[in-house]
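Open the model in your viewer and keep the selection panel at hand. We will go from confidence to overall shape, then to one helix pair.

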Amino acid sequence: MEKSKIVEKVKKYFKKNYNIEINDTIDLFSLIDNSLSFKENVEIVKKELLNLGYLVLNKNEVKELEKKFNKEVRKYYEDVFRNALNNSIGLERFYEKYYKHIDKFLENERVKGMIIIGDAGIGKTF
């Protein structure tokens, strides 16, 4: 499709759906790409209009963006936790001395307490 026809379709789309007349607001000829679909071109123009402040999202679009954002955040934290779990496997060797001391402490009937001293963050309460 010719670029001028795509430009006219995009103008009609924004007039119909957003009640915005795009005349000299932005240079549509520079934004529109013939190799892209109409929907992709509309998204490019929409982003430009949002950046310039000519367009405000409706409630459905805001909800859709919130869902997408929440989904990306959830995926990020799942990946972080998954990596943390995968990297923490094999830590038993670091706590081996403490495990032995705890076992001896539990077997001993005379000793009533145990103090563990060490740097912060090494898992003394583990």
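Start by colouring the chain by pLDDT. Among the elements of the protein, helix α3 has the highest mean pLDDT, 89. Helix α5, residues 92-107, has the lowest, 78. This is a predicted model, so read those colours before anything else. Over the protein, the mean pLDDT is 82, and 93% of the residues reach 70 or more. Where pLDDT is low, do not read the predicted coordinates in detail.

Next, switch to cartoon view. The secondary structure comes to 5 helices and 0 strands. Follow the sequence along and the pattern reads α-α-α-α-α.

Now zoom out to the C-alpha trace. Along its principal axes, the trace spans about 90 × 30 × 20 Å. The radius of gyration is 30 Å. For a compact globule of 126 residues, the value would be near 14 Å.

Select residues 3-18, helix α1, together with residues 38-52, helix α3. How are these two helices, α1 and α3, set against each other? They pack at an angle of about 60 degrees, and their axes lie 11 Å apart. Angles of 65 to 115 degrees would count as roughly perpendicular; α1 and α3 are therefore oblique to each other. Their crossing is right-handed.

Show side chains for the contact.

- From α1, pick I6, K9, V10, Y13, F14 and Y18.
- From α3, pick F38, N41, V42, V45, K46 and L49.

Finally, colour this selection by residue class. The contact of α1 with α3 has 9 nonpolar residues, 1 polar and 2 charged.

Key
Residues numbered from 1 in each chain as written. Predicted model: local features only at pLDDT ≥ 70, side-chain atom pairs only at ≥ 80, totals over all residues. Heavy atoms only, no water. Axes fitted to C-alpha atoms, helices over the stretch in contact; angles between N-to-C directions. Helix = DSSP H or I, 4+ residues; strand = E, 2+ residues; numbered from the N terminus. Parallel < 35°, antiparallel > 145°, perpendicular 65-115°, else oblique. Left-handed = near helix turned anticlockwise from the far one by under 90°. Contact = heavy atoms within 4.5 Å. Nonpolar A, V, L, I, M, F, W, Y, C, P; charged D, E, K, R; others polar. pLDDT = per-residue confidence, 0-100. Rg over C-alpha atoms; globule rule 2.2 N^0.38 Å.
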